[in-house]
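Please open the model in your viewer and keep the sequence panel beside it, since each stop on this tour begins with a selection.

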Amino acid sequence: MVINTVFTHLDFYVVNKPADVGFHDEGDLGSGFFNQCCKHFGEILYPVHRLDKITSGLLILARNKNAADWFQKAFSTHIISKFYVAISANKPKKKQGSVIGDMEKSRRSQWRLLNSKVNPAITRFFSYSIASDIPGLRLFLVKPESGKTHQIRVALKSLSSAILGDELYGGQQSDRGYLHAVRLDFDYKNESISVICMPQEGKYFISEIKHIQQVVESALTNNWPGTKLRAND
């Protein structure tokens with residue numbers, strides 16, 4: 001497996017995980033993406049967050065315990081801004097907005113969104129039309145403000161816009177699951193870190209790459225839906 005390193009720091013790496021590769025071992029010992037990274041870099045690494053198997057994109061790997069502790073706290077307190085791009089074959093119920101609600105395990109390894117908001121998953125999004133051979137194809141720029149399992153996949157399904165290729169949640173069959181972790185922004189030891197990595201796999205991602213670049217570049221300046229009401233979410 002080729003490991004694509006996007007950013008190198010004395011305390012951590014940022015790598016681009018391919019789609020359809022499990023973060024943890026599945027079957028053979030050492031076959032998972034994390035263990036492949038440890039082998040590639042030849043050092044002890046610490047996982048501080050993860051991506052679903054269908055999801056490609058930016059993943060942080062700490063290089064020491066102090067950095068791992070910092071990142072785990074940073075993710076739990078949501079001071080790292082994460083942005084994803086996704087594509088769906090179905091028009092959403094609304095073009096932009098927030099999806100907020102608790103989540104619980106459901107059947108067949110699925111999760112489902114609840115109406116309650118005790119410890120909610122919070123997902124902000126914008127959507128854009130795409131000209132393609134699939135009528136109604138939509139591009140999403142997504143900002144999760146929590147880190148729940150399958151959060152974005154469940155949020156888009158709740159909008160009637162299951163991710164293209166995400167058959168677990170009713171997405172139309174395709175060449176890959178169209179969800180990519182595209183951008184990370186955070187301050188680390190008084191240094192502002194901004195890492196962007198465009199998707200490199202998938203017919204519809206590649207055909208929309210210029211459009212994706214435009215929406216990702218504006219991520220920090222967007223007036224994200226619902227952010228002014230966050231205290232009341």
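The tour of this predicted model goes from a loop residue to the cysteines and then to a pocket.

Begin by selecting Val48, which sits in the loop between strand 3 (46–47) and strand 4 (56–62). Val48 is buried, with a relative accessible area of 11%. Show its surroundings next: leaving aside residues up to four places away in sequence, Val48 touches Ile60, Ala62, Ala68, Phe71, Gln72 and Phe75. If you then draw a C-alpha to C-alpha distance from Val48 to Leu58, you should read 12 Å, for two residues that are 10 apart in sequence.

Now turn to the cysteines, and select Cys37 and Cys197. Why is neither of them in a disulfide? A disulfide requires sulfur atoms within 2.5 Å, whereas the cysteine sulfur closest to that of Cys37 belongs to Cys38 and lies 7.1 Å away, too far for a bond. For Cys197 the closest cysteine sulfur is that of Cys37, at 13 Å, which is again too far. Cys37 is buried, with a relative accessible area of 0%, and Cys197 is buried as well, at 6%. By this rule the count comes to 0 disulfides.

Finally, move to the largest pocket, whose volume is about 400 Å³. Of the 20 residues lining this pocket, select Arg50, Lys82, Tyr84, Gly147 and Lys148, which are the closest to its centre. Strand 5 (81–88) and helix 3 (151–158) are the elements that give two or more residues to the lining, and helix 3 provides the largest share, 3 residues. Coloured by residue class, the lining divides into 7 nonpolar, 8 polar and 5 charged residues.

Technical notes
Residues numbered from 1 in each chain as written. Predicted model: local features only at pLDDT ≥ 70, side-chain atom pairs only at ≥ 80, totals over all residues. Heavy atoms only, no water. Helix = DSSP H or I, 4+ residues; strand = E, 2+ residues; numbered from the N terminus. Buried < 20%, exposed > 50% of the residue type's maximum accessible area, 1.4 Å probe, protein only. Contact = heavy atoms within 4.5 Å. 1 Å grid on protein atoms, 1.4 Å probe; cavity = no way out; pocket = protein on both sides within 12 Å on 5 of 7 lines; lining within 4 Å. Points joined across faces, edges and corners; volume = space filled by probe spheres on them. Nonpolar A, V, L, I, M, F, W, Y, C, P; charged D, E, K, R; others polar.
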